[in-house]
Amino acid sequence: GISLAVLVLFRIGWGIAGPRYSRFRDFPISALKIKRFIKSPKKEEPLYTGHNPLAALVMLLILATTILIVITGLATLLSEESFLSATPLLNSYELAHELHEIAVNVLIALVVLHLGGLAKSWHNDRKAQVVTSMITGIKRMPGINANLNLSQRAYAFLAGMLTIATLLYLMML
């Protein structure tokens, strides 16, 4: 859960300071754009160098659900194992546990939806190299340069090291 929180914090930071197409302000979210995209994804896909409207929506839902999982997981842990369990916000183990389980199942569904969308996007436009750009941060296609600058590379490296260090530390406890 703590590692998940670190990853979420990284993605929020990346959504603010990352390359153009990873930034939240670049997400093309509107009901009209989502509706048009669902109606004809092959026609709409090439219009989006970054996230398409549906991918942007799912990405934000994944982030929100993950934040809920971290909060409810922490509340569940604190309600059963600490002196804070007498705190009114944390004294309902059952409620926190139920919300946590529901959020985990919603996250699994969103991840399956995300992977299905990636497969569909890859099928519609293989030249876009969507999966490769998610890993490397580099997208080679017409549009504004999406390469990482030095500070973004440093941020990604440090966030990765912090995540690995957190996982290793927690495994040693």
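**Chatting over a helical model**

Q: Which helix gives the most to the lining of the second largest pocket?
A: Helix 4 gives the most, with 5 residues. Helices here are DSSP runs of H or I with at least four residues, numbered from the N terminus. A pocket is an open set of points on a 1 Å grid over the protein atoms alone, with protein on both sides within 12 Å along at least five of seven lines, and lining residues have an atom within 4 Å of a point.

Q: Before we go on, what kind of model is this?
A: It's a predicted model, where local features need pLDDT of at least 70, side-chain atom pairs count only at pLDDT 80 or more, and totals for chains, interfaces and linings use all residues. Residues are numbered from 1 along each chain as its sequence is written, and side-chain values use heavy atoms, with hydrogens and water left out.

Q: OK, back to that pocket. Which residues line it?
A: The lining of the second largest pocket is G1, I2, L4, A5, I69, V70, G73, L74, L77, H100 and L170. Helix 1 and helix 4 (53-81) are the elements that give it two or more residues.

Q: And what's the volume?
A: About 240 Å³ for the second largest pocket, counted as the space filled by probe spheres set on the grid points, which are joined across faces, edges and corners.

Q: Zooming out, how many helices and strands are there?
A: There are 7 helices and 0 strands. Along the sequence that reads α-α-α-α-α-α-α.

Q: How much of the protein counts as buried?
A: Of its 173 residues, 34% do. Buried is under 20% relative accessible area, exposed is over 50%, and partly exposed is in between (1.4 Å probe, protein chains only).

Q: Any aromatic pairs? How many does the structure hold?
A: It holds 4. Rings of Phe, Tyr and Trp (its six-membered ring) pair if their centres lie within 6.5 Å; planes under 30 degrees apart are stacked, over 60 edge-to-face, the rest tilted. One of the pairs is F10 and Y155.

Q: Why does F10 with Y155 count as stacked?
A: Because their planes sit at 20°, with the ring centres 5.3 Å apart. The pair links distant parts of the chain, 145 residues apart: F10 is in helix 1 (residues 2-17) and Y155 is in helix 7.

Q: What other ring does Y155 stack with?
A: W14: those ring centres are 5.9 Å apart and the planes are at 10°, so that pair is stacked too. W14 lies in helix 1 and Y155 in helix 7, so this pair ties together parts that are 141 residues apart in sequence. Ring pairs link F10, W14 and Y155 into a cluster.

Q: Which of those three are buried, and which partly exposed?
A: W14 is buried, at 11% relative accessible area. F10 is partly exposed at 22%, and Y155 is partly exposed at 30%.

Q: Changing topic: where is V106?
A: V106 is in helix 5, and at 38% relative accessibility V106 is partly exposed. The C-alpha atoms of V106 and T66 are 9.5 Å apart, with their positions 40 residues apart along the chain.

Q: And A119, where's that?
A: A119 is in helix 5 too (residues 93-124). A119 counts as partly exposed, at 45% relative accessibility. The C-alpha atoms of A119 and V130 are separated by 9.5 Å, and the two residues are 11 apart along the chain.

Q: Last one: is L168 buried or partly exposed?
A: Partly exposed, with a relative accessible area of 45%. L168 sits in helix 7 (residues 150-172).

Definitions and conventions. 1 Å grid on protein atoms, 1.4 Å probe; cavity = no way out; pocket = protein on both sides within 12 Å on 5 of 7 lines; lining within 4 Å.
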